[in-house]
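User: Could you walk me through this model and show how each label is earned? I would like to see the cut-offs.

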Amino acid sequence: MATSSKKKIGEQKLYDHIFGEASAENIKKCIKHHLLSFQGRDPDRAGPRDTFKALAYTLRDIMVEKWINTQKEYYDKHQKRVYYLSLEFLVGRSLGNSLINLGLLDEATEALHELGHSLEEMRDLEEDAALGNGGLGRLASCFLDSIATLKIPAYGYGIRYEYGLFYQKLIDGFQMESPDNWVRYGTPWEFQRSQHLFPVHFYGKVESYIDKKGRYRSKWVNTEDVMAMACDMLVPGFNNDHVINMRLWAAKASRELDLGFFNQGKYISAVQSKVASETISKVLYPSDIMVEGQELRFRQQYFFVAATFQDIFRRYKKKHATFDLFPENVAVQLNDTHPAIAIPELMRLLIDWQGLGWEQAWDITVRTFAYTNHTLMPEALETWSVDLVGRVLPRHLEIIYEINKRFLTLVAEKFPGDVGKLKQLSIIDENNEKRVRMAHLAIVGSHSVNGVAELHTHLLKTLIFPTFHALYPGKFNNKTNGITPRRWLLKCNSGLAGLITEAIGTAWITDLDKLRDLEGFIDDSSFLERWQQVKFANKEWFLKKINDHCGAVVDPHSLFDVQVKRIHEYKRQLLNCLHIISLYIRILEDPHSIKTPITKIFSGKAAPSYIQAKLIIKLICSVAKVVNNDPRVGKMLKVSFIPNYNVSKAEVIIPAADLSEQISTAGTEASGTGNMKFALNGALTIGTLDGANIEILEEVGRENIYIFGLTAAEAEFEKKHMSRTPARICAENEHVGHIIKTISTGVFSDGDKDFFKDITQSLMSEHDQYLLVADVERYLECQALIEQDFCDKASWVRKSIYNVARMGKFSSDRTIKDYARDIWGLDV
């Protein structure tokens, strides 16, 4: 395969005396060198964790020299730089991905074997860098892989959280959260850049004055300062000697002590106030239920934005004396609204620091920024109270008000006399408590606004922001999401990747459209049999790796029906649970009514404060306990909820799946990328016409996907009018009524009829915004068809091959090329 290479490692010279040729022997020498000189360990007595770190340091040595060469090339060619700002990067583990992209997988495997270790052992020792919540952060990481592979001059910027997304335990079916200190053993992948240490200001007040040229100016004074230190993690492109960096900011206390405390003899208080400043980068997404949590989250957003722009200015000013050419040299992509405070920050820097006038500064700002929207949920469109913004960032609030004043003048000219339009579009929401609408700020302050799937973009234009679309024709555009095939096929599914490469060569790794060539094997019985063998081997590997969490003896020949993602009502894990209860009822009524054994697999985390989502997890676990222990069910139905879902677990679960559940309420999921990962690994999809499901349907063909339920337009109508109430559906469909009654009568709660009352009430509500009962009949019909189709193995395998063969559109390489060409102004 293309993951092995005997060539010289790039153009580096510094480590040639140690490394030399890319051979197992030289990798072994480098591992021993790092054990001895860098880690202070006896190579003959080093344990597995020491060896893992030494291997990682070896790869980091290779990557950093490639990175230096990459940076020199940027400067030599005077290339425009792209800055991808994201509050989340769900990196996962780096070892396997680095070995594959560097072409050293085989050599490292051999070197480890000679040292008495296995690559799998090394991989399992690495902590997941869980610096993200879900799809948003994983997309950002996929994008960086594609950016490096396509040799785009770019950087990722975010926060180096000490504690990532919480560690999830399930205790008697209840989600319990504990801290996820992913760096408790340190991380060998990062470089801490203490020379890149920038002050970030908070609080204080604004003083106004007239400068020497008679111009009105403002100065932000009496601030509380936190230092931001750069921490770089390197991202290698695939087989191309190109390495970029993800720069994550860690909060450090400034050197100054509070002299008021100090002079009063309160030295501990003076130190504590500085230590408290470092909490900004301690934890991913603090709970924002409490005021303190809201403030910390807002400070996090400004912290990484302010540090990033000081870094951008530092780099830009090496070659430029003025800011006239700033947008021609700098493109900033805002990954959702979290970094939107960057817009007033850039205005502040240009006006207050660089002395530019408002009009010039605003022109530069708009031409610099582009904004990606990731949500259709109104409650997820971020807003901050004016009081909070004004207290934490007083100068920025002034700038936001001025932006809004000038913007509303434009709106008034476009829609004369229409006060409603002014209120609707204003960056400041004047209803009840005054709040800053960050999505409005991002739209007004960017030259491009993109959705992440065709349906999502259409709904942004017609339902969420129709007046903005009318005001700014051409600003809204679509960039359908994608996934990197290097991690999500080549790395996580080596058996299938090997079979594909044997059949069509290696070109697909960087040109996913080449997978179309697999259709030439669709009637090759030998190929179909080998395809099926790969899937079975993946199921056995899944059971070996995660069997302890399954809670039941699982038949690998059964239909693996998988739903793994963040737990949220709109993603409708509850609908899937209703299907389990339906199957359970059918088995008890007639054991022969189920056509094939089914294994239901769930995984995902609920936000700690999301009570209903946590109750759904409890219900699934309670149903699993009853079903798995009922001897009448036998092997026909098993249910598993795998705790602490993360990237590494996804890499084991996804290749084993037969069926992928993508069943969100139509019109709620922006895109989804899990749907793409499953399809690329040969799972068939059961889904609604939501997000990227629609485009997957268009690519694979209706005969190779299972679509059910309301469309987005129909769902919007039902939310307002409810043509069939849940009570009516239950009355007309006895089986559906039986499913819900089984929950409410305490079958899954030890007879406690009120335990899941909140769930049954939401199901039966005429105001259910997620329309579970409205969709359940068609969902169950679709699942019955899947049961039947899975029995025809040859037909199922053909469908699986078609899904993989037609995934070319959903490569993040294609997505990044679209961004580069249409938004960033780059030739790729």
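Analyst: Happy to! Let's begin with a polar contact: a pair of N or O atoms within 3.5 Å, where within protein one must be able to donate a hydrogen and the other to accept it, and residues adjacent in sequence count only if both atoms are side-chain atoms. The model is predicted, so local features need pLDDT of at least 70 and side-chain atom pairs pLDDT 80 or more, while totals for chains, interfaces and linings use all residues. Residues are numbered from 1 along each chain as its sequence is written, and side-chain values use heavy atoms, without hydrogens or water.

User: What makes Ser-811 and Asp-813 a polar contact at the start of H33?

Analyst: A side-chain oxygen of Ser-811 comes to within 3.0 Å of the backbone nitrogen of Asp-813, which satisfies the 3.5 Å limit. H33 spans residues 812–822; helices are DSSP runs of H or I with at least four residues, strands runs of E with at least two, numbered from the N terminus.

User: Why is Gln-310 in helix H9 called buried?

Analyst: Because its relative accessibility is 13%, and buried means under 20% (exposed is over 50%, partly exposed in between; 1.4 Å probe, protein chains only). Leaving aside neighbours within four places in sequence, Gln-310 is in contact (heavy atoms within 4.5 Å) with Phe-198, Pro-199, Val-200 and Trp-353.

User: How do you know that S5 and S6 pair?

Analyst: Pairing takes at least two DSSP bridges, and S5 (167–171) and S6 (174–178) have five, in the antiparallel sense. They therefore count as paired. One bridge joins Ile-171 to Phe-174. Two residues separate the strands of this hairpin, and Asp-172 in the turn has a positive phi of about 55°.
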